[in-house]
Amino acid sequence: MPNAYISGTGFFVPDNVVTNDDLRDVYGIETSDEWIRKRTGIAERRFAPQGMGTADMGAKAAEMAIEAAGIDKKDLGMIILATLSPDHVFPGSGVLVQRQLGMADTGNFVPCLDVRNQCSGFLYALGTAASMVQSGNTNHVLVIGSETHSHALDLSSRGRTVASLFGDGAGAVVVSATEEDRGLRNYTLGADGRFAETLWQPMWDIRNFPFLPQDEDGNGIVAPEMMWASMDGRQVFRNAVEKMITSLMKVCWEEKVDTKDIDLFLFHQANLRINEYVQKQLNIPDDKVFNNIMRYGNTTAGTIPILMAEAEREGILKPGMKVGLAAFGSGFTWGAALLDW
Ligand code: ACO
């Protein structure tokens, strides 16, 4: 059975930088730089321009990852795209990325799978990609995490708790087969559906007909509590630290690796305080953790592949390193992974 390793990384973030002060001054949200920084570590995030969406950003990150992997698009055997902000209800954004990459035009009709596991979506996608590669189904899988949060945030004082956390961006990796002794060593995934409504954006209720209430002219009506994401932040915080720590411990235990032996930790970027708590509990020194939430906010499924792409280009992530990943998010869903880069 071949090993599955990450042969190339890429990322894309929109040019438009929105600082914490901009949330107050441009969008009129009653907030402050001090409030947001103190509780989340976020200083600024990127917002996509009108007309740019999840597949657009995902395709740009993918182009970079494919080039970095030194392969051609025709070598890809599958696309897996993780997002909580798909361009449309259906079809998924994976097929839109495939179209943007021009693959179908050249007769490469690779299967496209959308993963809907929010903040841990990239880890779910990575595990699935590795299984496809290790089973011999294909040699190269393109894995993307991409989010367009800003077009679906309540950018008003009413929505400030959620709106101050999220940003737009995409990261991508190519997962490839290798006979070398490297790659994904272990991963664990989990979910607890009892907390499905603790962090959610229902938009509509398909149990009802019509699935959206209508006005007398037949236009759909979405009430604010359905339209915008809502969250019990403290409940998320408590569960995030517990699940990130226990899943990391699980993969380390199964691989007989001490956390001291891990060279670099790339944690989901939900909140710097969550990551600092995990780091403290596991006695991880600062120079072994790479965070970028200060600059991008929470890009949900995009955070870990963006971290990978940036860390590689900054010389922080190098071949031969042992890397620990962990994420937690809406669902609740979570995961952790151990890789030899
Ligand atoms: N600016 C100013 N005031 C704010 C803001 C803001 N951006 N947001 C909320 N507040 C106010 C609230 O209105 C509230 O005011 P009130 O007491 O007058 O009603 C007060 O601050 C406290 O609100 P809480 O929601 O209780 O704030 P809390 O201390 O819990 O901090 C936070 C909120 C930062 C979200 C925290 O709960 C947290 O870090 N949770 C983790 C959740 C998380 O990171 N989620 C990210 C997405 S999920 C994921 O990716 C895992």
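**Exercise 1. Polar contacts of the ligand**

Task: In this predicted model, find which side chains place an N or O atom within 3.5 Å of a ligand N or O atom.

Solution:
- Step 1. Start with the ligand nitrogen. A nitrogen atom of the ligand is 3.3 Å from an N or O atom in the side chain of Thr161.
- Step 2. Turn to ligand oxygen. Arg234 has a polar side-chain atom 2.9 Å from an oxygen atom of the ligand.
- Step 3. Check His268. A polar atom of the His268 side chain also lies 2.9 Å from a ligand oxygen.
- Step 4. Apply the cut-off. Polar contacts must be within 3.5 Å, so Thr161, Arg234 and His268 each make one.

**Exercise 2. Cover and pocket**

Task: How much of the ligand's accessible area does the protein cover, and which pocket does the ligand take up?

Solution:
- Step 1. On its own, the ligand has 1,000 Å² of accessible area. The protein covers 73% of that.
- Step 2. Now the space. The ligand occupies the second largest pocket.

**Exercise 3. The shell around the ligand**

Task: Describe the residues that surround the ligand by number, class and origin.

Solution:
- Step 1. Count. The ligand is surrounded by 24 residues. The closest are Thr31, Cys119, Arg160, Asn271 and Asn298.
- Step 2. Sort by class. Eleven are nonpolar, nine polar and four charged.
- Step 3. Trace the elements. Two or more residues come from each of helix 2 (33-40), helix 6 (160-163), helix 8 (233-255) and strand 12 (322-329). Helix 8 gives the largest share, four residues.
- Step 4. Go up to domains. Domain 1 (3-181) and domain 2 (184-195 + 230-340) each supply at least three residues.

**Exercise 4. Unusual backbone**

Task: Where are the cis peptide bonds before Pro91 and Pro210, and what is the sign of phi at Gln118?

Solution:
- Step 1. Recall the rule. Most peptide bonds are trans, and most residues other than glycine have a negative phi.
- Step 2. Take Pro91. A cis bond joins Phe90 to Pro91, with omega about 0°. Pro91 is in the loop between strand 4 (78-82) and helix 4 (93-100).
- Step 3. Take Pro210. The bond from Phe209 to Pro210 is cis, with omega about -5°. Pro210 is in the loop between strand 9 (199-200) and helix 7 (224-227).
- Step 4. Finish with Gln118. Its phi is positive, about 50°, though Gln118 is not a glycine. Gln118 lies in the loop between strand 5 (112-115) and helix 5 (121-134).

How values were computed:
Residues are numbered from 1 along each chain as its sequence is written. This is a predicted model: local features need pLDDT of at least 70, side-chain atom pairs count only at pLDDT 80 or more; totals for chains, interfaces and linings use all residues. Side-chain values use heavy atoms; hydrogens and water are left out. A residue is near a molecule or strand if one of its heavy atoms lies within 4 Å of it. A polar contact is a pair of N or O atoms within 3.5 Å; within protein, one must be able to donate a hydrogen and the other to accept it, and residues adjacent in sequence count only if both atoms are side-chain atoms. Accessible areas come from the Shrake-Rupley method with a 1.4 Å probe; for residues, only the protein chains shown count as cover. On a 1 Å grid over the protein atoms alone, a cavity is a set of points where a 1.4 Å probe fits but cannot get out, and a pocket is an open set with protein on both sides within 12 Å along at least five of seven lines; lining residues have an atom within 4 Å of a point. A molecule sits in a cavity or pocket if more than half of its atoms lie within 2 Å of its grid points. Ala, Val, Leu, Ile, Met, Phe, Trp, Tyr, Cys and Pro count as nonpolar, Asp, Glu, Lys and Arg as charged, and the others, Gly among them, as polar. Domain bounds come from an automatic or database domain assignment.
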